[in-house]
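Thanks for sharing this one. Here are my notes, set out as short points you can check against the coordinates.

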Amino acid sequence: MANADYILFERPAEHIARIVLNRPEARNAQDTRFLYELNDAYERAAQDESVKVIITAANGPHFSSGHDLRERDHLETQDRYKPVTGATGYRRPGAEGRMAREEELYTGFCERWRNIPKPTIAAVQGKCVAGGLMLAWPSDIIIAADDAVFEDVTLMLGIPGVELFAHPWELGPRKAKEMLFAGAQIGAEEARQMGMVNRVVPRANLESATLELAQQIALRPSFALRLAKLAVNNTQDAQGRPAALTAAFAMHHIGHSHCMEVFGLPVDPSGVHKGVSATYKAGDEPWRQKAKA
Ligand code: ZN
C-alpha cells in the first residue's frame with residue numbers, strides 16, 4: 001500500500017507479536033483496507049512459528065471509534081482483496097450484497113481472529129465504540145487502561161447492535177440490554193467487575209502490563225495453550241454461541257433492510273445527531289450514498 005500503514009506489526013519481545021492499530025488521526029476508524037490489513041497481520045502472527053502470543057494495541061488516545069462511516073469507495077477497495085471467508089456477491093443489490101460484505105469484514109473476520117490457535121491479548125485505552133468492540137472482543141484476554149470506555153451506539157441508528165452480537169456473552173444479559181437499550185457507557189472498572197475485562201491498569205502502564213502478561217503466558221507450552229483456548233471456546237460454542245450469533249446477525253440485517261424500506265438508507269438517519277453525535281461528527285454520513293448502500 002502506498003500510504004502509511006494502518007496496521008503495524010511489531011516484535012516487542014521474543015515469542016510476542018504486537019499488532020498496532022495505527023490510524024490515530026481517524027481514532028482508528030475501520031475502513032475496508034484497515035480491516036484487510038488487520039486480518040493480514042493476524043494471519044502473519046498465526047503462521048509465524050516464533051510467535052506464541054499476539055497482542056492487539058492501538059496508537060493514539062482511543063482504541064477504535066468503530067467503522068469508518070466516511071468511507072466512500074468501499075466496493076472498489078474491496079475488489080482489491082481476495083475474500084478471506086468465502087463470502088461473495090458484494091455488488092449484488094439489496095440485502096444480499098450488504099450481508100455478504102458484513103459476513104466477510106465483520107463477523108467472518110472476528111470469528112477467525114477469535115479462533116486463532118494462539119493466545120491473544122487486547123490492550124484497550126480511551127474509547128472503544130461500536131465496531132471497536134469487534135476488535136477487542138475476539139481477543140482471549142482484555143487489559144484496559146483506566147480511561148477505557150466501552151459503548152455500542154448502533155441501536156440509535158435503528159440496528160439492534162454491532163454485527164458481532166457478543167454483548168450477552170461478554171456482559172451477561174442484563175448489562176448487555178442496558179448497553180444496547182440506553183447506550184450505556186461501560187467504564188474499565190465496571191467492565192472488569194463483569195468479567196469483560198481481565199485487568200485495569202493506569203494508562204501509562206498499559207503497554208508494559210500487557211507485554212508482561214504476554215511474556216508470562218509465552219513461558220507455557222504452545223500446544224497446551226492452544227488446547228486450553230480450544231476448550232474454553234468450545235465451552236461457549238457448546239452453550240450455543242455460534243447459533244446465537246448467527247440469529248443476531250440476521251436480526252442486524254432485518255434492521256438494515258427495514259431502514260432501507262423506511263428511510264432509503266441502511267440506518268435510521270434521525271439517530272445520527274442524537275446519541276451518536278458524541279462519536280460521529282456532523283457531515284460523517286456517507287451512508288447517504290444510496291446507490292452504494
Ligand atoms: Zn451492519
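The points below cover a metal site and a strand with its neighbours.

1. A friendly reminder before anything else: this is a predicted model, and the values here are computed from it.

2. Let us begin with the metal. The zinc ion takes its donors from E102 (OE, listed twice), E163 (OE), H252 (NE2) and H256 (NE2), with distances of 2.1 to 2.4 Å. Along the chain, these donor residues follow the spacing E-x60-E-x88-H-x3-H. E102 sits in helix α3 (residues 95-114), while E163 belongs to the loop between β7 (149-151) and α5 (167-171), so this pair links parts that are 61 residues apart in sequence.

3. Are the two glutamates buried or exposed? The cut-off for buried is under 20% relative accessible area. E102 has 8% relative accessibility and therefore counts as buried. E163, at 5%, counts as buried too.

4. Next, strand β4 (residues 120-124). Five of its five residues are buried, so the rest of the structure largely encloses this strand. T120, A122 and V124 point one way from β4, and I121 and A123 point the other way; all are buried.

5. Which strands pair with β4? Strand β3 (residues 53-58) runs parallel to β4 and is joined to it by three bridges, with I54 opposite T120. Strand β6 (residues 141-145) also pairs with β4 in the parallel sense, over four bridges; there, I141 is the bridge partner of I121.

How values were computed. Residues numbered from 1 in each chain as written. Predicted model: local features only at pLDDT ≥ 70, side-chain atom pairs only at ≥ 80, totals over all residues. Heavy atoms only, no water. Buried < 20%, exposed > 50% of the residue type's maximum accessible area, 1.4 Å probe, protein only. Helix = DSSP H or I, 4+ residues; strand = E, 2+ residues; numbered from the N terminus. Pairing = 2+ DSSP bridges. Donors = N, O, S within 2.8 Å, 3.2 Å for Na, K, Ca; no water.
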